[in-house]
Amino acid sequence: MSAHGPDPGEKNEPDPGDFYPTGRLGFNANGLAWLKSKVIDDDCGELWRIHEDLYDLSGFVNSHPGGKDWIILTKGTDITEAFETHHVFGVPQKLLDKFWVKKATNPRKARFTFEEDGFFKTIQRRGAVILRKVGTGPTLLSTLTVDFLVVSFLLMLCLLGVYPSMPLALVTAIFLGLSNISAHNWFHQADKKAWRRFYFDLSLTSSRDWRVSHALSHHLHTNTYQDMEVS
């Protein structure tokens with residue numbers, strides 16, 4: 001134990017089994033700092049780790065159906081959780097084999113196992129059957145709603161510039177806040193479908209940074225030391 005918190009790898013009794021990341025106290029509000037910490041702890045070099053194997057996905061950046069960002073951001077890290085949860089319908093093993101480099105020599109830091117007969121994989125298979133019928137991604141109503149909120153915000157912002165007043169400022173702020181919240185639906189989507197995530201930047205916050213802290217950190221490592229949104 002150091003003066004700044006538990007040492008990396010040290011177990012904390014209230015949450016037994018969880019790895020304590022390098023620089024945990026420093027990446028609370030910085031998604032890129034979280035990724036840098038993960039690169040150090042996962043120790044994958046210039047590769048990407050999935051389960052017990054290391055892959056070189058640099059040649060797959062432009063072909064990745066989910067977009068470049070997911071691959072570029074996660075270089076040098078263990079992406080097992082992202083790989084398993086973001087690909088509901090699975091990934092052909094032949095595709096992975098094209099980018100296989102070698103077996104990992106160090107154990108994974110995360111304790112999630114993704115056993116084929118385990119809880120998560122069982123639920124995922126059942127969910128995939130439903131999703132094939134109903135589709136994935138935000139509904140048309142969600143899309144129209146967020147577009148309406150953003151257009152309303154921009155109109156109110158223009159009116160506020162011409163007729164400054166506290167009531168108009170309040171209404172403008174409400175539309176901005178609702179637009180910001182609604183943009184969350186697109187953080188988890190493939191890049192080509194997720195351009196509405198940039199609505200989030202209207203509040204002068206970074207959609208890219210929040211995509212890391214929310215989609216890669218919070219959703220994949222909920223309530224663990226790796227969860228940036230639980231500090």
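The exercises below work through one predicted chain, from its overall make-up to single residues.

The model is predicted, so local features need pLDDT of at least 70 and side-chain atom pairs count only at pLDDT 80 or more, while totals for chains, interfaces and linings use all residues. Residues are numbered from 1 along each chain as its sequence is written, and side-chain values use heavy atoms, with hydrogens and water left out.

**Exercise 1. The whole chain**

State how many helices and strands the chain has and in what order they run.

Step 1. Helices (H or I, at least four residues) and strands (E, at least two) are DSSP runs, numbered from the N terminus.

Step 2. The chain has eight helices and three strands.

Step 3. Starting at the N terminus, the order is α-β-β-α-α-α-β-α-α-α-α.

Step 4. The C-alpha trace spans about 65 × 50 × 35 Å along its principal axes.

**Exercise 2. Burial and contacts**

Find what share of the chain is buried and what share of the contacts join residues at least 24 apart.

Step 1. Buried means under 20% relative accessible area, exposed over 50%, and partly exposed in between (1.4 Å probe, protein chains only).

Step 2. By this rule, 41% of the 231 residues count as buried.

Step 3. A contact means heavy atoms within 4.5 Å. Among contacts between residues at least 6 apart in sequence, 66% join residues at least 24 apart.

Step 4. Accessible areas come from the Shrake-Rupley method with a 1.4 Å probe; for residues, only the protein chains shown count as cover. The accessible surface of the chain is about 13400 Å², and carbon and sulfur atoms hold 64% of that surface.

**Exercise 3. Helix H5**

Check whether the span of helix H5 agrees with its number of residues, then list its buried residues.

Step 1. The expected span of a helix is 1.5 Å times one less than its number of residues.

Step 2. H5 has 16 residues (119-134), so its expected span is 22 Å. The C-alpha atoms at its ends are 23 Å apart, which agrees.

Step 3. Lys-121, Gln-124 and Ala-128 are the buried residues of H5. They pack against helix H3 (80-86).

Step 4. An α-helix has 3.6 residues a turn, so residues three or four places apart point the same way.

Step 5. After H5 comes Gly-135, with a positive phi near 90 degrees.

**Exercise 4. Three salt bridges**

Locate the partners of Lys-75, Lys-103 and Arg-108, and say whether the residues are buried or exposed.

Step 1. A salt bridge is a side-chain nitrogen of Lys or Arg within 4 Å of a carboxyl oxygen of Asp or Glu. The structure holds 14 of them.

Step 2. Lys-75 pairs with Glu-46, with the closest N and O atoms 3.2 Å apart. The two sit 29 residues apart: Lys-75 in the loop between helix H2 (68-73) and H3, Glu-46 in the loop between helix H1 (31-42) and strand S1 (48-50). Lys-75 is partly exposed at 37% relative accessible area, and Glu-46 is exposed at 54%.

Step 3. Lys-103 pairs with Asp-53, with closest N and O atoms 3.2 Å apart. Lys-103 belongs to strand S3 (residues 100-103) and Asp-53 to strand S2 (residues 53-55), so this bridge ties together parts 50 residues apart in sequence. Asp-53 is buried, at 13% relative accessibility.

Step 4. Arg-108 pairs with Glu-81, with closest N and O atoms 2.7 Å apart. Glu-81 lies in helix H3 and Arg-108 in the loop between S3 and H5, so parts 27 residues apart in sequence are tied together. Both residues are buried: Glu-81 at 2% relative accessibility and Arg-108 at 14%.

Step 5. A network of salt bridges links Asp-69, Asp-191, Arg-197, Arg-208 and Arg-211.

**Exercise 5. Surroundings of Arg-108 and His-221**

Name the residues that Arg-108 and His-221 touch beyond their neighbours in sequence.

Step 1. Leaving out residues up to four places away in sequence, Arg-108 touches Arg-49, His-51, Glu-52, Asp-78, Thr-80, Glu-81 and Phe-114. The C-alpha atoms of Arg-108 and Asp-42 are separated by 7.3 Å, although these residues are 66 apart along the chain.

Step 2. His-221 lies in the segment after helix H8 (207-218) and is buried, with a relative accessible area of 4%.

Step 3. Apart from neighbours within four places in sequence, His-221 is in contact with Trp-34, Lys-38, Glu-81, Phe-112, Leu-216, Gln-226 and Asp-227.

Step 4. Glu-81 thus appears in the contacts of Arg-108 and of His-221.
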